Amino acid sequence: SIYEMFGNECCLSTGEVIKVIGFKINKLIAGICENDEVSQISAKVELPLHFPGLYKVVADKTPYVSIEEITRKVSIGPTRFGHPRFCSPEDIQVANLTIKQDEQITFNSVAEVDGRLAVKCDVVRNNQVHSFALPLSQEGKFYECEDDQIYTLKEIAEWKIPKCRKRIVRLSQALQTWDSCNPLPQHFDGCLVLTPVYEVQAVMRARKDIVHILSDLDVEVKDITDSYDIRSFLQPLSLEDVFERTSKEFPMVAEIMEGPSGSQYPTNLLCTGKEIIIYQKYQAARVLASEIRSDSPKRHFLIPVSYKGKFKRRPREFPTAYDLEIARSEKEQLHVVATKAFDSPHEELASVSVGDQFLVQQCQTSEVLYEGRKKLIDVLACEQILSDGYKSMLLPMYMEGGFVEVIHDKKQYHLSEICKEFHLPFNVKVSVRDLSVEEDILAAAPGLQFEEEITDSYLLISSASSPLEGWELPVYRLNMLVHLLNKDIQPAAPPVTKTAVEEISEEQYYMVRRYENQTLHPPPRPPKKPT
């Protein structure tokens, strides 16, 4: 049987031995529902996994009848996607804990507990996590919980479509302007019923790359697993698989079986067939930044703290008095100009006109008369700058106005200095480009907003033929497969590391922010107008 996949012809001859290493969704057939009635599908279209957009998963209304069925059909794993949540309409007694009906149970991993397979789970009560295990033999009705996260189609295909079931999703945010080539209707805000089309991933003894076989290929096969030594086949590993290895196993030599597409790394560094040395795994800091512009889609970047360029400050904008309180610091006094008028409903508090200038002092409380009753509210103490001096004023914290920062600081800063001395978000422009790289992609940006510091997982690698220069590979944003080579490598200091600025897509930007914010406590909500 001869077939073509991604433009490459592959021959499966009679007697060929193939090791199946996985099943992968190749594309999705989407049934279009203009409203929430998923039984009324108006049309079906084919969607590639890279089809742009962010989607919310609709909880499956069909229950699972046992924990064992969930482990067979639902992806449960160590990554951020592999922690599905379920609830039971009945109480469940486990050890010294009673799981109440409809309480959300997070499934974390499958492991052996007391000699039998079980799912390690937890529930959260009063901000405290309670961990326990549910055996695979546990029966009952288990319903999928609503998921408040957003996902790309690729993420949904890899993690959120149970085996033997369809998945209903709702478009949360379109990431491109609609045109006639878009298979979805214009202004579409209904649901999609996704049916996966699979491909088989396999390795062959005569090839060093991954073979992709469409699941509808007309070929007969026979299972010979029990009578064949599968150790003679290569073992493909993703970057996540490599990262899961213990630190003692590094450094290691690997050959790339499937390189990434559209890489920002030097030519031939990550191409198929290339040998690389993987020195170590670690967590590294990055600053998430976005362009400041309104005329076109913003570009997003992950900037290493070691970036060698310099920045000058640019004015920040603040929509409320509450934002002024968050932004003020002990290092310098915040000076702002009002861009929107505000009429105070209280005689005790100040009104604001466009063009008024203020020095922000501190947050405090003040007593105001509201509907004939005295009420204590949060206010922001400021000094208004007048032509002949200063005037103390109190602004209500709930004030929805508009302010822009006045910059007096002309100093040029390294990124590490900004992270140390100022609160983020922080607005800047590149004043001195990074001369250690051929092209500094930040230099052309009209302005940048540093949004937050994040920590991400990286592998330090170099070319095996030229190990003097090392590169950091982001584990969760680079899709590539390698297999380890049984080659000795002398213990050596890691090479000089090149930490490149990484431009990320709109989908990756939302993913990074989503993951980082899962580990942070949400900021306090702005105080509301007294009622």
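The secondary structure of the protein comprises six helices and 33 strands. The model is a predicted one, and its mean pLDDT is 83, with 89% of the residues scoring at least 70. Confidence varies along the chain: strand β1 (residues 2–5) has the lowest mean, 52, whereas strand β7 (residues 85–87) has the highest, 95. The pLDDT falls below 50 over residues 516–526, a stretch that makes ten contacts in the model beyond its near neighbours in sequence.

Of the 531 residues, 44% count as buried. Among contacts with a separation of 6 or more, 67% are between residues 24 or more positions apart.

An open sheet is formed by six strands, in the order β6-β13-β7-β10-β11-β12, with antiparallel pairing. The edges are taken by β6 (64–66) and β12 (128–135); each has a single partner strand, so one side of each lacks a neighbour in the sheet. On average, neighbouring strands of this sheet are turned by 45° against each other when direction is ignored. Strand β7, which has the highest mean confidence in the protein, lies between β13 and β10 in the strand order. At the β12 end, strand β11 (residues 116–125) is joined to β12 by eight bridges, and the two run antiparallel. Within this pairing, V119 stands opposite L134 of β12.

Aromatic residues link two strands of this sheet. Seven aromatic pairs were counted in the structure. One of them, Y64 with F86, is edge-to-face, with a centre-to-centre distance of 5.6 Å and an angle of 90° between the planes. Because Y64 belongs to strand β6 and F86 to strand β7, this pair ties together parts that lie 22 residues apart in sequence. Both rings belong to buried residues: the relative accessible area of Y64 is 1%, and that of F86 is 0%. A second pair, F422 and F426, has ring centres 4.6 Å apart and planes at 25°; an angle under 30 degrees counts as stacked, so this pair is classed as stacked. F422 is buried at a relative accessible area of 10%, and F426 is buried at 2%. The Y64 and F86 rings also belong to one aromatic cluster, together with F107.

Most peptide bonds are trans, and most residues other than glycine have a negative phi. Exceptions of both kinds occur in loops of the model. The bond from F250 to P251 is cis, with omega near 0°. P251 is located in the loop between α3 (239–243) and β18 (252–258). A cis bond also runs from L424 to P425, where omega is near 5°. P425 is in the loop that joins α5 (415–421) to β28 (426–432). F426, the buried partner in the stacked pair, falls within the residue range of β28.

Positive phi values are found at A95 and D114, neither of which is glycine. For A95, phi is near 50°, and the residue is in the loop between β8 (92–94) and β9 (97–99). A95 is exposed, with a relative accessible area of 74%. For D114, phi is near 55°. This residue sits in the loop between β10 (105–113) and β11, two strands that are adjacent in the order of the open sheet. D114 is likewise exposed, at a relative accessible area of 79%.

The search of the whole structure returned zero disulfides. C33 takes part in none, the nearest cysteine sulfur being that of C191, 6.4 Å away; a disulfide would require the two sulfur atoms to lie within 2.5 Å, so this separation does not qualify. C33 is buried, with a relative accessible area of 0%. C419 also counts as buried, at 16% relative accessibility, because the cut-off is under 20%. The position of C419 is within the residue range of helix α5.

How values were computed
Residues numbered from 1 in each chain as written. Predicted model: local features only at pLDDT ≥ 70, side-chain atom pairs only at ≥ 80, totals over all residues. Heavy atoms only, no water. pLDDT = per-residue confidence, 0-100. Helix = DSSP H or I, 4+ residues; strand = E, 2+ residues; numbered from the N terminus. Contact = heavy atoms within 4.5 Å. Pairing = 2+ DSSP bridges. Axes fitted to C-alpha atoms, helices over the stretch in contact; angles between N-to-C directions. Buried < 20%, exposed > 50% of the residue type's maximum accessible area, 1.4 Å probe, protein only. Phe/Tyr/Trp six-rings, centres within 6.5 Å; stacked < 30°, edge-to-face > 60°.
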